[in-house]
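Open your viewer, get comfortable and follow along stop by stop. At each stop you will find something to select and something to look for.

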Amino acid sequence: MEQRIYSIKELNRYIRMKLESDNVLSEVWIRGEISNFTHHSSGHMYFTLKDADSRIKTIMFASHNQRLPFIPKEGTRVIAKGNVSVYERDGQYQFYVTQMQPDGVGSLYLAYEQLKSKLESAGWFLPERKKAIPRFPKVIGVVTSPTGAAVRDIITTLERRYPRANVILYPVLVQGKGAAPSIVKAIKALNESAEADVLIVGRGGGSLEELWAFNEEIVAHAIYHSSIPVISAVGHETDFTIADFVADLRAATPTAAAELAVPHQAELMAVIKQRQNMLYRLVRSKVEQAQVSLKRVQRSPVLVHPKRSLTQHIERLDALQTRSKYLIRNYISLQNSRHRQIHHQLLRYHPVQSFMNVKRQHTELTRQLGQGIERLMREHKQRLGGAIRHLDALSPLKVMERGYSLVYDQQEEKLIKSVDDVHLGDLITVKVADGDLSCQVWGMEPKPNEKGERNGTGN
């Protein structure tokens with residue numbers, strides 16, 4: 001029989017299948033201390049679980065560690081649930097964790113401190129975000145166990161201090177695995193019904209493990225987002241739960257929570273009585289002051305001798321009447337004067353008067369226009385006569401009447417101004433004052449110039 005030879009990968013795979021098929025190793029709980037802890041950027045956690053005698057490589061994938069109630073750290077003791085398998089590449093067996101919780105009270109306190117730091121950094125504990133507790137609540141919601149001493153203390157205190165308030169009890173689990181979801185459900189239900197004016201959430205005292213439901217993040221979340229003010233009432237005076245920090249008001253005990261939720265009826269009655277007495281004293285003082293004022297008024301001269309006061313008023317009334325008549329007459333006189341002035345002004349603007357004024361203006365303007373036209377005609381006639389005389393003096397005919405004449409070339413009909421303009425034998429026309437003469441040039445005699453030379457050609 002031939003011996004089979006396995007590859008290392010095949011051997012590691014075979015071992016992995018054997019381990020994963022084992023009923024014990026497929027779901028096992030182990031206790032140990034965390035060391036070499038690494039929280040990878042992918043979200044996976046890699047660490048080693050060890051005890052005094054041994055250790056094992058451990059992995060917790062992100063899909064499982066997102067639900068952890070605490071943040072694992074170096075040295076934390078935990079109880080982890082998971083399965084054992086082999087990482088084929090390295091041939092190393094490892095523990096794959098699916099659930100993990102702190103081991104013991106020390107780990108619970110570590111988880112408490114981590115959650116407290118986280119919520120404090122998020123601003124959930126700030127005083128300015130806490131809602132005010134109503135002074136006179138009509139309905140009080142109580143979230144606690146229906147069988148514990150806490151509910152009896154709360155109800156007894158509420159009935160003793162402020163019996164007019166109604167109580168809505170929402171029974172919940174306050175200890176164990178289902179306590180936190182039960183408390184969250186109650187807070188949400190009371191907020192949805194919107195019947196209560198304030199909520200008391202708590203229980204009686206106990207150990208850290210017994211009170212752990214009030215350190216759960218889901219309970220803190222429900223309290224923080226409650227639209228109704230919440231008073232935490234976990235029965236321990238020295239320590240605080242996460243619910244105490246998130247709540248709008250913290251009470252050391254359930255009884256103290258009931259005392260903080262409502263006023264004391266006897267105290268209110270005492271205050272009311274005190275204010276009634278104060279009001280009575282104030283009213284009595286006001287009445288006494290009014291009586292003194294009334295007596296003072298009764299002793300006044302107006303009431304003792306009313307006729308004297310009336311006489312003075314009658315005299316004053318007569319004086320006012322006289323002054324009123326004088327003012328009315330003056331007013332009427334002034335108005336009549338103004339009326340006459342307005343009447344005269346209106347007469348000046350009467351249509352007939354306006355027409356007469358316009359007619360007079362038209363007559364005057366017509367007269368002025370006629371005079372202006374006559375004056376202009378005379379001036380123009382004088383200027384025209386002067387121009388005519390001037391033109392007449394310059395007229396060629398006037399010159400010819402004095403014995404002068406004009407000589408024209410008969411062919412070209414142009415004025416002859418020089419002997420050079422004609423030749424011997426040319427026909428010319430001589431214009432005299434009373435007609436024209438047709439002539440012929442038989443001779444020319446040029447006129448000597450200043451140098452004694454003769455002008456012209458001498459033709």
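Begin with Glu27, which is exposed: its relative accessible area is 52%. This is a predicted model, so everything on the tour is computed from that prediction.

**Stop 1: a loop and its distant partners**

Keep Glu27 selected and look at the chain on either side: this residue sits in the loop that runs between helix H1 (8-21) and strand S1 (28-39). Now add Asn83 to the selection. Glu27 and Asn83 are 56 residues apart along the chain, but their C-alpha atoms are separated by 5.1 Å. Show Lys81 and Gly82 too, because Glu27 touches both of them, with residues up to four places away in sequence left out of the count.

**Stop 2: an annotated stretch**

Colour residues 6-101. An unreviewed UniProt entry lists this range as "domain: OB-fold nucleic acid binding". The span is 19% helix and 47% strand, and its end C-alpha atoms lie 41 Å apart.

Next, pick Met60 in strand S3 (residues 55-60). Is Met60 buried or exposed? Met60 is buried, with a relative accessible area of 0%. Show what surrounds Met60: beyond residues up to four places away in sequence, its contacts include His44, Phe47, Leu68, Val97 and Met100. Then zoom out until Arg164 is in view as well. Met60 and Arg164 are 104 residues apart in sequence, and 56 Å separate their C-alpha atoms.

**Stop 3: two backbone angles to check**

Most residues other than glycine have a negative phi. Select Asn36 in strand S1. Asn36 is not a glycine, yet it has a positive phi of about 50°. With 49% relative accessibility, Asn36 counts as partly exposed.

Where does Ala194 lie? Look in the loop between helix H5 (179-193) and S8. Ala194, also not a glycine, has a positive phi of about 55°. Ala194 is exposed, and its relative accessible area is 57%.

**Stop 4: a helix with two sides**

Select helix H4 (residues 149-161). H4 has 13 residues and reaches 18 Å from its first C-alpha to its last, close to the 18 Å expected at 1.5 Å a residue. Show the side chains of Ala150, Val151, Ile154, Thr157, Leu158 and Arg161, which are buried in H4. These buried residues cover an arc of only 140° around the axis, which puts them on the same side of H4. A general rule helps here: an α-helix has 3.6 residues a turn, so residues three or four places apart point the same way. Turn to the other side of H4 and you will find Arg152 and Glu159, which are exposed.

What covers the buried residues of H4? The cover includes strands S6 (139-144), S7 (166-171) and S8 (198-203), along with helices H8 (254-261) and H9 (265-298).

For a second example, move to helix H6 (residues 217-224), where Val219, Ala220, Ala222 and Ile223 are buried. Looking down the axis of H6, you see these buried residues fall within an arc of 160°, so they line one face of the helix.

**Stop 5: aromatic rings**

Finish with Phe125, Phe240 and Phe245, which form one aromatic cluster. The structure holds 5 aromatic pairs. Add Arg250 to the view: its charged end sits over the ring of Phe240, 3.9 Å from the ring's centre.

Technical notes. Residues numbered from 1 in each chain as written. Predicted model: local features only at pLDDT ≥ 70, side-chain atom pairs only at ≥ 80, totals over all residues. Heavy atoms only, no water. UniProt positions renumbered as here; feature names shortened; annotations may be inferred. Helix = DSSP H or I, 4+ residues; strand = E, 2+ residues; numbered from the N terminus. Phe/Tyr/Trp six-rings, centres within 6.5 Å; stacked < 30°, edge-to-face > 60°. Lys NZ or Arg CZ within 6 Å of the ring centre and 35° of its normal. Expected span 1.5 Å × (residues − 1). Buried < 20%, exposed > 50% of the residue type's maximum accessible area, 1.4 Å probe, protein only. Arc of directions from axis to C-beta. Contact = heavy atoms within 4.5 Å.
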